[in-house]
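Visitor: I have a list of short questions about this model. Could you show it to me first and then take me through the reasoning?

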Amino acid sequence: MAKDNRIFKIRNIDTGLYSTGGMWPRWTKAGKTWSGTGPLRTHLAQHLKGSNADLSKWRVVEIDRKSTRLNS
């Protein structure tokens, strides 16, 4: 099975900042990175069931690690 090269972040469309995760996330420039859709879905489900956060302001950002290059 091929490795999934995607990682995910949650971005607040009003501020442009990224979620740090957890039930009471802070929003920072770096935020948290989720390594797959399973952990991301679990996090979102927590907020759908037990939080009063405004999820309409959240956007999932998908990043392809395979196409990301670091210059040394």
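Visitor: What makes strand 1 largely enclosed by the rest of the structure?
Guide: This is a predicted model. In strand 1, 5 of the 7 residues are buried, so the strand is largely enclosed by the rest of the structure.

Visitor: Why is I10 called buried?
Guide: Buried means under 20% relative accessible area. I10 has 0% relative accessibility, so I10 counts as buried. I10 belongs to strand 1, which covers residues 6-12.

Visitor: What does I10 touch, not counting residues up to four places away in sequence?
Guide: The list includes L17, S19, W27, W34, L40, H43 and W58. I10 also has its C-alpha atom 4.6 Å from that of V60. Along the chain, I10 and V60 are 50 residues apart.

Visitor: How do you know that strand 1 and strand 4 pair?
Guide: Pairing needs at least two bridges between the strands. Strand 1 and strand 4 are joined by 7 bridges, so they pair. They run antiparallel, and strand 4 covers residues 58-64. One of the bridges puts I7 opposite its partner I63 in strand 4.

Visitor: How many salt bridges does the rule give?
Guide: The count is 2 salt bridges.

Visitor: What makes E62 and R6 a salt bridge?
Guide: The rule asks for a side-chain nitrogen of Lys or Arg within 4 Å of a carboxyl oxygen of Asp or Glu. The N to O distance between the side chains of E62 and R6 is 3.8 Å, so the pair qualifies. E62 lies in strand 4 and R6 in strand 1, so this salt bridge ties together parts that are 56 residues apart in sequence.

Visitor: Are E62 and R6 buried or exposed?
Guide: Neither word fits. Partly exposed is the range between under 20% and over 50%. E62 has 48% relative accessibility, so E62 counts as partly exposed. R6 has 28%, so R6 counts as partly exposed too.

Visitor: Why is the contact of D14 with K57 called a salt bridge?
Guide: The cut-off is 4 Å. The closest N and O atoms of D14 and K57 are 3.5 Å apart, so the pair qualifies. D14 sits in the loop between strand 1 and strand 2. K57 sits in the loop between helix 1 (37-50) and strand 4. The pair links distant parts of the chain, 43 residues apart.

Visitor: Why is D14 called exposed?
Guide: Exposed means over 50%. D14 has a relative accessible area of 55%, so D14 is exposed. K57 has 29%, so K57 is partly exposed.

Visitor: How do you know that S19 is buried?
Guide: S19 has 0% relative accessibility, and the limit is under 20%, so S19 counts as buried. S19 is in strand 2, residues 18-19. Leaving aside its neighbours within four places in sequence, S19 is in contact with residues including I10, P25, W27, W34 and H43.

Visitor: What lies 3.0 Å from a polar atom of the S19 side chain?
Guide: The backbone nitrogen of G21 does.

Visitor: Why is L17 called partly exposed?
Guide: L17 has 26% relative accessibility, so L17 counts as partly exposed. L17 is in the loop between strand 1 and strand 2. Beyond four places in sequence, L17 is in contact with I10, R11, N12, W27, T28 and K29.

Note on methods
Residues are numbered from 1 along each chain as its sequence is written. This is a predicted model: local features need pLDDT of at least 70, side-chain atom pairs count only at pLDDT 80 or more; totals for chains, interfaces and linings use all residues. Side-chain values use heavy atoms; hydrogens and water are left out. Helices (H or I, at least four residues) and strands (E, at least two) are DSSP runs, numbered from the N terminus. Buried means under 20% relative accessible area, exposed over 50%, partly exposed in between (1.4 Å probe, protein chains only). A polar contact is a pair of N or O atoms within 3.5 Å; within protein, one must be able to donate a hydrogen and the other to accept it, and residues adjacent in sequence count only if both atoms are side-chain atoms. Contact means heavy atoms within 4.5 Å.
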